[in-house]
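Student: Please take one strand and look at it closely. I would like its surroundings, its partners and its connections.

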Amino acid sequence: MSVKQLTQYYIGLKEKKLFALIFAVVKRQKIILEDLLIENYAAEGKSLAKQNGKVIFVENTVPGDVVDVQLYKNKKDWAEGFPLQIKKYSEDRVAPFCQHFGVCGGCQWQMLPYEKQLEYKQKQVYDVLTRIGKTQLPEIFPIAGAAETRFYRNKLEYSFSAKKFIAENEFRQLKSSDADIVAMSQQSVAGFYAKGMYDKVVDIKTCWLQTEPTNALRNSIADFARNQNFPFYDFKQHTGWLRNMMVRIATTGEIMINIVLAYKDENKMQLLFDFILDRFPQITTLLYTINEKRNDSIYDLTPQIIKGNGYITEQLENFKYKISPKSFFQTNTKQAEKLYTITRNFAELTGKEIVYDLYCGTGSIGIFVSPQARKIIGVEVIEEAINDAKENAALNNIANASFYTGDVIDICNNDFFEKHGTADVIIVDPPRAGLHGDLIEKLLQTETPVIVYVSCNPATQARDINILNEKYSVEKIQPVDMFPHTHHIENVVQLKLRTV
């Protein structure tokens, strides 16, 4: 984008900010490195090359590619960039199976065979635990891969947008005027946000992440809404009516749909809901949510039931879990069963232990391990999740599990442990940010014999293990691939209190 175009685009900014931005663009020099060989996988979806001893992290490449790279961050010892041109493709590459690959932001690794994806994820776990954890490690168990690498998600969230994202290959083919290009982008579409954008949506025709009727639902509802002239939402101007749709499909066969609307319009709602129920009678539960806010979060909103009881039931082993529209539940049911089995095995329960399940969510892990424990104590900050945990315990006739609402930092004090019993095993499953420093200090103070650390971010897990190394040794490590064709990975670590 030229300085002139940039000036016009940001004309609404305050003068000081505008000139500062222009100056930064003028000052910035394009640095292009040619014929870089991508040597290895780094982490978080980036690969690395080296030039004169300097490490270059490059997105959207795989080891074996030879590329020209433009840098967008340049430090003394390292840099980051994106490929301008791939001059030679790696022999490891395969043809992506999705027509939207590289545009919608999901499935970043479809160009890699699955066995290579697993190899790089295993390496990522080893690298971060070694580099950041800085502690003695046992041999890492082979990553638990997925038997099904397509249609594995039980939940997807689609957006209905008044603005279509025009992919680069589409843009290059256009021979239209600027006005025609703008008009083309102002189409009502349904799909996922384009990578790095909040106001434009990729028009998805077929998504390979969730089994049918997910594609039929999205495409049919979008077609019906267009034919009825229902206004799709403009996420920049905050106008329009039809916003989002969440689809949950359980392995039990139950289907939940939650339609999110910007405001109430009884006539439009009646037409839309009648169409959905007539076209898709297999839907178990249909809900709608009115969201008048600027963001997409519905956690402070109340979904309304149109059909069904407002939830669906999922099953792991013999355990049943009630899932409501706002419930957190692992999105890959079959891999969740593997993840929880590994967690249970690492806990080494004999039936005599008091187990604390911290960051317990809806109680899924605590319930899963409960038959092998004497007592389960779950703690979670989200009250609705704790309500679900209690209902799930009752649903499975589990009498030895109790769940409490509160921040683990505040609630897990000496009085709490004294009241509910000294922990024999603590299971932690924190968000990507990892454990709070105060909780780590509490874990070191309590000296629980076994800690099982389930993580969706091995880097922060490694950071926490480095601190816990003061009293704990790492005994077992097991990566689990929950999300094939992405760079995301779960990792389970068993830590034991040192006796000397």
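Tutor: Here is a close look at strand 11 and its neighbours. This is a predicted model, where local features need pLDDT of at least 70, side-chain atom pairs count only at pLDDT 80 or more, and totals for chains, interfaces and linings use all residues. Residues are numbered from 1 along each chain as its sequence is written, and side-chain values use heavy atoms, with hydrogens and water left out.

Strands (E, at least two residues) and helices (H or I, at least four) are DSSP runs, numbered from the N terminus. Strand 11 covers residues 255-261. Seven of its seven residues are buried, so the strand is largely enclosed by the rest of the structure. Buried means under 20% relative accessible area, exposed over 50%, partly exposed in between (1.4 Å probe, protein chains only).

In a regular strand, side chains alternate between the two faces of the sheet. Here both faces are covered. One side holds Ile255, Ile257, Ile259 and Leu261. The other holds Met256, Asn258 and Val260.

Now the partners. Two strands pair if DSSP finds at least two bridges between them. Strand 10 (residues 242-249) runs antiparallel to strand 11, joined by seven bridges. Methionine 245 has isoleucine 259 of strand 11 as its bridge partner. Five residues lie between the strands of this hairpin, and glycine 253 takes a positive phi near 95°.

Strand 12 (residues 285-290) runs parallel to strand 11, with six bridges. Leucine 261 stands opposite isoleucine 290 of strand 12. From strand 11, the chain passes through helix 7 (residues 266-279) to strand 12 in a right-handed β-α-β crossover. Right-handed means that, with the strands pointing away from the viewer, the path from the first strand over the helix to the second runs clockwise.
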